[in-house]
Amino acid sequence: MAKILIDADGCPVVDLTIAAAKRYQLPVLLLCDTAHNMQREGAETITVSKGADAVDFVLVNRVHKGDVVVTQDYGLAAMVLAKQGYPIDQNGRIYSAENIDQLLYGRHVAKKIRQAGGRMKGPKKRRPEDNEKFEKNLVDLLEEITAFER
């Protein structure tokens with residue numbers, strides 16, 4: 001049975017994800033570090049030590065083929081794809097073999113610009129439409145996944 005894992009540190013769609021998982025009777029794991037410890041009804045919380053990528057490594061070691069992972073981290077999404085999982089970001093973008101290389105390259109270029117003293121624009125302010133798009137794409141993904149299990 002598939003499960004949903006959430007890279008929960010700073011994730012704005014935890015409650016939306018838990019609600020969708022409940023409709024599909026899928027278990028939810030929240031993974032966070034000690035600085036962001038959270039508890040939600042309908043989900044199991046796994047708290048890991050604070051540290052760079054600590055949550056990512058624990059999460060990727062718990063992912064199995066067919067699991068859904070909510071994350072905005074391109075590196076983590078790439079590892080989930082390698083394990084045949086389904087990564088989706090908080091805005092509803094579904095990571096795939098077709099888009100992950102370009103996203104990783106863009107992250108690399110942005111890092112080089114920052115290291116050279118350049119500045120990059122931050123993310124846009126979250127809007128209600130972002131939640132709607134996330135929820136629609138997550139439900140579509142869950143429909144597709146649960147259809148395989150029937």
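**Exercise 1. Determine which helix holds Ile113, and classify this residue as buried, partly exposed or exposed.**

*Solution.* Step 1: In this predicted model, Ile113 is placed in helix α4. Step 2: The relative accessibility of Ile113 is 34%. Step 3: Buried requires under 20% and exposed over 50%, so Ile113 counts as partly exposed. Step 4: Together with Val109 and Met120, Ile113 makes a nonpolar surface patch of about 210 Å².

**Exercise 2. Describe the largest pocket by its volume, its central residues and the make-up of its lining.**

*Solution.* Step 1: The largest pocket contains about 930 Å³ of space. Step 2: Its lining comprises 26 residues, and those closest to the centre are Gln72, Tyr74, Gln90, Arg93 and Pro123. Step 3: By class, 12 of the lining residues are charged, seven are polar and seven are nonpolar. Step 4: Helices α4 (100-115) and α5 (128-149) each contribute at least two residues to the lining. Step 5: The largest share, six residues, is supplied by α4.

**Exercise 3. State how many salt bridges the structure holds, and explain what parts the pair Asp67 and Lys3 ties together.**

*Solution.* Step 1: There are six salt bridges in the structure. Step 2: In the pair formed by Asp67 and Lys3, the closest N and O atoms are 2.6 Å apart, and a salt bridge requires such atoms to lie within 4 Å. Step 3: Asp67 belongs to the loop between α2 (54-62) and β4 (68-70), while Lys3 belongs to the segment before β1 (4-7); the pair therefore ties together parts that are 64 residues apart in sequence. Step 4: Asp67 and Lys3 are both buried.

**Exercise 4. For the salt bridge between Asp89 and Arg93, establish whether each partner is buried or partly exposed.**

*Solution.* Step 1: The N to O distance between the side chains of Asp89 and Arg93 is 3.3 Å. Step 2: Asp89 has 4% relative accessibility and so counts as buried. Step 3: Arg93, with a relative accessible area of 31%, is partly exposed. Step 4: Arg93 is also one of the residues closest to the centre of the largest pocket.

**Exercise 5. Relate the salt bridge between Asp140 and Lys136 to their separation in helix α5.**

*Solution.* Step 1: The closest N and O atoms of Asp140 and Lys136 are 2.6 Å apart. Step 2: The two residues are four residues apart in helix α5, so about one helical turn separates them. Step 3: Asp140 has a relative accessible area of 39% and is partly exposed.

**Exercise 6. Identify which residues are linked with Arg127 in a network of salt bridges.**

*Solution.* Glu129 and Asp130 are linked with Arg127 in this network.

Key. Residues are numbered from 1 along each chain as its sequence is written. This is a predicted model: local features need pLDDT of at least 70, side-chain atom pairs count only at pLDDT 80 or more; totals for chains, interfaces and linings use all residues. Side-chain values use heavy atoms; hydrogens and water are left out. On a 1 Å grid over the protein atoms alone, a cavity is a set of points where a 1.4 Å probe fits but cannot get out, and a pocket is an open set with protein on both sides within 12 Å along at least five of seven lines; lining residues have an atom within 4 Å of a point. Grid points are joined across faces, edges and corners, and a volume is the space filled by probe spheres set on the points. Ala, Val, Leu, Ile, Met, Phe, Trp, Tyr, Cys and Pro count as nonpolar, Asp, Glu, Lys and Arg as charged, and the others, Gly among them, as polar. Patches are made of residues with over 30% relative accessible area and no salt bridge: like charges are joined within 9 Å, nonpolar side chains (Val, Leu, Ile, Met, Phe, Trp, Tyr) within 5 Å. Accessible areas come from the Shrake-Rupley method with a 1.4 Å probe; for residues, only the protein chains shown count as cover. Buried means under 20% relative accessible area, exposed over 50%, partly exposed in between (1.4 Å probe, protein chains only).
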